[in-house]
Number of protein chains: 2
Amino acid sequence: MSLKHIVLGLLSTPHSGYDLKKEFEYSLKNFWHAELSQIYPLLQKLEEEGLIAGREAASEIGPRKRVYKSTAKGKRELRAWLTEGPTVGTERVGYLAQVYFLADLDNDDEAVRFMQELKDYMSGWLAKLEAIESEWGANDPRYPDELPDGEFYPQLTLALGLKKVRATVEWCDESIRRIKARRRRLEKTA
Amino acid sequence: MSLKHIVLGLLSTPHSGYDLKKEFEYSLKNFWHAELSQIYPLLQKLEEEGLIAGREAASEIGPRKRVYKSTAKGKRELRAWLTEGPTVGTERVGYLAQVYFLADLDNDDEAVRFMQELKDYMSGWLAKLEAIESEWGANDPRYPDELPDGEFYPQLTLALGLKKVRATVEWCDESIRRIKARRRRLEKTA
DNA sequence: CTTCGCTATATAAATCTTGACATAGTGGTT
DNA sequence: AACCACTATGTCAAGATTTATATAGCGAAG
């Protein structure tokens, strides 16, 4: 159950449900995803449990909103999660599940098309991550190793995101090459 | 909804529920995870829907089992999933969510301990992946680019798994170094 | 003054997932 | 004969997640 703890973590500074959704899109997309329809009921539940506290607030840009902040109890719950050790062995990568079964497509062309589409997506995502990084670096002279705690650890996740996405783009290229070369070889034998 | 399709894919060859669980542990762990309590009801549901067909079979090593195989309808459903494009933007990596909030621990020592534990896990996982790879290569002269379709695409997912896990181990080391160096710097300033 | 895009919150139904529990056969060891 | 590890199948309740739907305020552009 990680979403609860992610929300608890984000609410060390005040956020509305809508704000949280934007954090997921912007900063957390490398490792988690949540819909508004999941966030709003969760906020209500966490408030009932006394893990967060909400208050009404004005928006500079839209209708009034309700912002939440984690309580002392919420912070304890967050630390408990961090202390129980890394959550591993439950990673989910939908596109890899698909690659595993690409042989079930009718021919290799479709597999190549799949890999190409994946590469396009990953290249776009890489560009976004690189933009975030250079913007961050340009605006904050402390980047990356003199950042305050609250930004240093997020920067670590960005660093791994970049590594993984670069590796994935490379792998898409290699895979496309390998699929094509293999097909040529198989055609010759046939 | 990927589990349904993963099971459909695995059932191009006959498997029992228990067999499937072992596939998840052995081959699919890089990108998906499922419990037996999820697998057994799903098999019943897929059989009702006519996507798979089951029959009783003997086990060489335990009690009788029920093995399933995908039907023509099931194969169509699988192909539909593969044709709708790569599933992206929903990746889940629990340990990265935790890293994002490591600042909420009481001190950097605990963060270092977390990263060290993560590195130990990832190193172990890397060793297992490398063992799978070298065993596969040693037993099949066709490895990796002359493998039949049904093994070639799984091999691609192994290749990316290796890349990503290696990147993660490196990143753990770098992160530990960075956390420690940063602490020394902050202590000097204080 | 209407429409559009964005901000903002929420509910309902359906489905998916986890964790705990229950049962039982098989083969080997003590 | 008792025990253990492993094989094998399942149920149940609680919790998590997705998809669809509904409502409404705000500011800018036409």
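**Figure 1. The protein surface near DNA strand D draws on both chains.** In this predicted model, α1 (3-10) and α3 of chain A, together with α2 (17-26), α3 (36-48) and β3 (65-70) of chain B, each supply at least two residues of that surface. Helices here are DSSP runs of H or I with at least four residues, strands are runs of E with at least two, and both are numbered from the N terminus. The top contributor is α3(B), with four residues. In total, 25 residues surround DNA strand D, and the closest are Ser37(A), Ser37(B), Ser59(B), Gly62(B) and Lys65(B). A residue is near a strand if its C-beta atom, placed from the backbone, lies within 6 Å of it. Sorted by class, this surface holds eleven nonpolar, ten polar and four charged residues. The nonpolar class is Ala, Val, Leu, Ile, Met, Phe, Trp, Tyr, Cys and Pro, the charged class is Asp, Glu, Lys and Arg, and the others, Gly among them, count as polar.

A note for finding your way around: residues are numbered from 1 along each chain as its sequence is written, while chains are lettered from A and ligands numbered from 1 in the order in which they are written. As the model is predicted, local features need pLDDT of at least 70 and side-chain atom pairs count only at pLDDT 80 or more, whereas totals for chains, interfaces and linings use all residues.

**Figure 2. The surroundings of DNA strand C.** Of the 24 residues around this strand, Ser37(A), Ser59(A), Gly62(A), Lys65(A) and Ser37(B) come nearest. Two or more residues come from each of α2 (17-26), α3 and β3 of chain A, and likewise from α1 (3-10) and α3 of chain B. Here α3(A) gives the most, with four residues. The class count is ten nonpolar, ten polar and four charged.

**Figure 3. The open sheet of chain A, with a helix across two of its strands.** Three strands line up in the order β1-β3-β2 with antiparallel pairing; two strands pair if DSSP finds at least two bridges between them. At the edges sit β1 (15-16) and β2 (52-57), each pairing on one side only. Two bridges connect β1(A) with β3 (residues 65-70) of chain A, and His15(A) has Tyr68(A) as its bridge partner in β3(A). Helix α3 (residues 36-48) of chain A lies across β2 and β3, running at about 120° to β2(A). That angle runs from 0 to 180 degrees between N-to-C directions, with axes fitted to C-alpha atoms and, for helices, over the stretch in contact.

**Figure 4. Strand pairing in chain B.** Strand β1 (residues 15-16) of chain B pairs with β3(B) in the antiparallel sense over two bridges, and His15(B) stands opposite Tyr68(B) in β3(B). Six bridges join β2 (residues 52-57) of chain B to β3(B), again antiparallel. Look for Ile52(B), whose bridge partner in β3(B) is Ser70(B).

**Figure 5. Helix α1 of chain A, a mostly covered element.** Six of its eight residues are buried: His5(A), Ile6(A), Val7(A), Leu8(A), Gly9(A) and Leu10(A). Buried means that 20 or more other C-beta atoms, placed from the backbone, lie within 10 Å of the residue's own; exposed means 12 or fewer, and partly exposed is in between. These buried residues pack against β1, α2, α3, β3 and α4 of chain A and α5 (94-100) of chain B. Lys4(A), also in α1, is partly exposed because 17 other C-beta atoms lie within 10 Å. Outside its neighbours within four places in sequence, Lys4(A) is in contact with Leu42(A) and Leu46(A), where contact means C-beta atoms, placed from the backbone, within 7 Å. Lys4(A) and Leu46(A) are 42 residues apart in sequence and 8.1 Å apart in space, C-alpha to C-alpha.

**Figure 6. Where chain A touches chain B.** The contact takes 57 residues from chain A and 58 residues from chain B. On chain A's side, α1, α4 (72-83), α5 (94-100), α6 (108-139) and α7 (149-189) each give two or more residues. The most come from α7(A), with 18 residues. By class, this side divides into 29 nonpolar, 15 polar and 13 charged residues.
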